[in-house]
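I opened a fresh page for this one and kept my notes short. Have the viewer open beside you and follow along.

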Amino acid sequence: MIQVKTAEGTCIEVDANIVNMIGYIQAALQSNPTVPVDMSMMKKADLEPILEFCKRHSYVNPPPIRRPIPNGDLTSCIPSKFDVEYINAVPFENLFELISVCEFLGIPSLKELASARVAAEFKGNFRHDSRQINSGVKGQVWSSSCTVL
């Protein structure tokens, strides 16, 4: 188990298999494997859903997303029911922040999933006006508390 320190100063135990999916943690452990990984830029409530995704895929890589996205329905291009339910639970306004967080943390599979959801929103019945999209760029992952950017 790996210790990860959150913004609240608490440490979370992270399975070593999850570490293989998160480039930020891998790099931190290479420089100092004996101390908790400092992730004080993220609150525990924001980090836990990301770790849940990584835990789900720690032994098996997420299945590839079919491209181009044929319509606004993610179930037609994402074979994993878990992945579809997971990404649909993220409010649209928070997807852009999630993509940025995944880029920062080095989680390409979750970044790709969030990007597919954005593409599906554009491809399907576009329900969001530009004000909502622009607010999502500066929004937060789930609890409006992540300060990665």
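**Notebook: helices, core, rings and sheet**

I began with helix 6 and asked for its buried residues: S109, L110, L113, A114, A116, R117, V118, A120 and E121 came back. Please keep in mind throughout that I am reading a predicted model.

Next I looked for what covers them. Helix 3, helix 4 and helix 5 are among the elements lying over the buried residues of helix 6.

I also ran a quick check on the length of helix 6. Its 16 residues at 1.5 Å each should span 22 Å, and the end C-alpha atoms are 22 Å apart, so the two values agree.

**The core**

Which residues touch the most other members of the largest nonpolar core? I found I22, M39 and L110, in a core of 44 residues. I then listed the elements that supply at least two residues each: strand 1 (2–5), strand 2 (11–14), helix 1 (16–19), helix 2 (23–31), helix 3 (44–56), helix 4 (81–88), helix 5 (95–105) and helix 6 (108–123). Helix 5 gives the largest share, seven residues. A reminder to myself: in soluble globular proteins, nonpolar side chains tend to be buried together.

L110 deserved its own entry. Setting aside neighbours within four places in sequence, I see L110 in contact with I50, F53, Y86, L98 and C102.

**Helix 4**

Here I noted F82, D83, V84, Y86 and I87 as the buried residues. They pack against helix 3, helix 5 and helix 6.

**Aromatic rings**

How many aromatic pairs are there? My count is four. I wrote down two of them in full.

The pair of Y24 and F104 is tilted, with 5.4 Å from centre to centre and 35° between the planes. Y24 sits in helix 2 and F104 in helix 5, so this pair ties together parts that are 80 residues apart in sequence. Are these rings buried or exposed? Y24 has 24% relative accessibility and therefore counts as partly exposed. F104 is also partly exposed, at 38%.

The pair of F82 and Y86 is tilted as well, at 5.9 Å centre to centre and 35° between the planes. Both residues belong to helix 4 and are four residues apart, about one turn of the helix. I looked up their accessibility too: F82 is buried at 18%, and Y86 is buried at 10%. With the cut-off for buried at under 20%, F82 qualifies as buried.

I then asked which residues join up into a cluster, and found that F53, F82 and Y86 form one aromatic cluster. Two of these names were already in my L110 entry, where F53 and Y86 are among the contacts.

**A peptide bond to flag**

Most peptide bonds are trans. I therefore flagged the bond joining R67 and P68, which is cis, with omega about -10°. Where is P68? I located P68 in the loop between helix 3 and helix 4.

**The sheet**

My last stop was an open sheet of three strands, in the order 2-1-3, with mixed pairing. Strand 2 and strand 3 (37–38) are the edge strands, each pairing on one side only. Strand 1 and strand 2 run antiparallel and are joined by four bridges. As a landmark for the viewer, I marked V4, which stands opposite I12 in strand 2.

Technical notes. Residues are numbered from 1 along each chain as its sequence is written. This is a predicted model: local features need pLDDT of at least 70, side-chain atom pairs count only at pLDDT 80 or more; totals for chains, interfaces and linings use all residues. Side-chain values use heavy atoms; hydrogens and water are left out. A nonpolar core is a set of buried Ala, Val, Leu, Ile, Met, Phe, Trp, Tyr and Cys residues joined through side-chain atoms within 4.5 Å. Buried means under 20% relative accessible area, exposed over 50%, partly exposed in between (1.4 Å probe, protein chains only). Contact means heavy atoms within 4.5 Å. The expected span of a helix is 1.5 Å times one less than its number of residues. Rings of Phe, Tyr and Trp (its six-membered ring) pair if their centres lie within 6.5 Å; planes under 30 degrees apart count as stacked, over 60 as edge-to-face and the rest as tilted. Two strands pair if DSSP finds at least two bridges between them.
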